[in-house]
Amino acid sequence: MLRLIKIAFLAVLMVVITLLCVANRSDVTINVMPEQLSSIYAYSFQLPLFAVILLSILTGLVIGYILEWLREHKHRKTAAVKQREVKTLEREVDSLKKKDRSEKDEILALLN
């Protein structure tokens, strides 16, 4: 059911994007610098309006993903440290279990 909803949502989104592209085919001029600063660097180019809109959305998504990835770095680092800690402790418990099974240690009995 959830997969059907996802497919329906994506289909509607594709129709909306297609209509947006068809409705905004006229070219627009993109200036790299404002007109007051055109003496420094005067470069401009023309793109269809839908391309400008889609590129703006794509740029925003990429910047957002990168910033989120950077923000989550400390959480990934903490998780990696904890995972190494768990593996070390598991190895220690295994070595203690193998070391002396004949002794009846209460802690090792609880672990088994």
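1. A salt bridge here is a side-chain nitrogen of Lys or Arg within 4 Å of a carboxyl oxygen of Asp or Glu. Keep that cut-off in mind for the pair below. The model is predicted.

2. E68 and R71 form a salt bridge. Their closest N and O atoms are 2.5 Å apart. That separation falls within the cut-off, so the pair counts. Side chains of opposite charge can pair when their charged atoms come close.

3. Where do E68 and R71 lie? Both are in helix 2. They sit three residues apart, about one turn of the helix. A search of the whole structure finds one salt bridge.

4. Next, the packing of helix 1 and helix 2. Helix 1 covers residues 2-23. Its axis and that of helix 2 are 7 Å apart, at an angle of about 140 degrees. Helix 1 and helix 2 are therefore oblique to each other. On the helix 1 side, I17, L20 and C21 make the contact. On the helix 2 side, F50, I53 and L54 do so. By class, this contact has six nonpolar residues, no polar ones and no charged ones.

5. Helix 2 also meets helix 3, which spans residues 73-99. The two axes come within 4 Å and cross at roughly 40 degrees. An angle of that kind makes helix 2 oblique to helix 3. W69, L70 and R71 of helix 2 touch H73, K74, H75 and R76 of helix 3. By class, the contact of helix 2 with helix 3 has two nonpolar, two polar and three charged residues.

6. R71 deserves a second look. This residue is in the salt bridge with E68. R71 is also among the helix 2 residues that meet helix 3.

7. Finally, the surface. Which residues form a nonpolar patch there? They are L55, L58, V62, I63, I66, L67, W69 and L70. Together they have about 790 Å² of accessible area. L70 is found in helix 2, which runs over residues 49-71. W69 and L70, both listed in the patch, are also among the residues that meet helix 3.

Key
Residues numbered from 1 in each chain as written. Predicted model: local features only at pLDDT ≥ 70, side-chain atom pairs only at ≥ 80, totals over all residues. Heavy atoms only, no water. Patch = residues over 30% accessible without salt bridge, like charges linked within 9 Å, V, L, I, M, F, W, Y side chains within 5 Å. Areas by Shrake-Rupley, 256 points an atom, 1.4 Å probe, with all protein chains shown as cover. Axes fitted to C-alpha atoms, helices over the stretch in contact; angles between N-to-C directions. Parallel < 35°, antiparallel > 145°, perpendicular 65-115°, else oblique. Contact = heavy atoms within 4.5 Å. Nonpolar A, V, L, I, M, F, W, Y, C, P; charged D, E, K, R; others polar.
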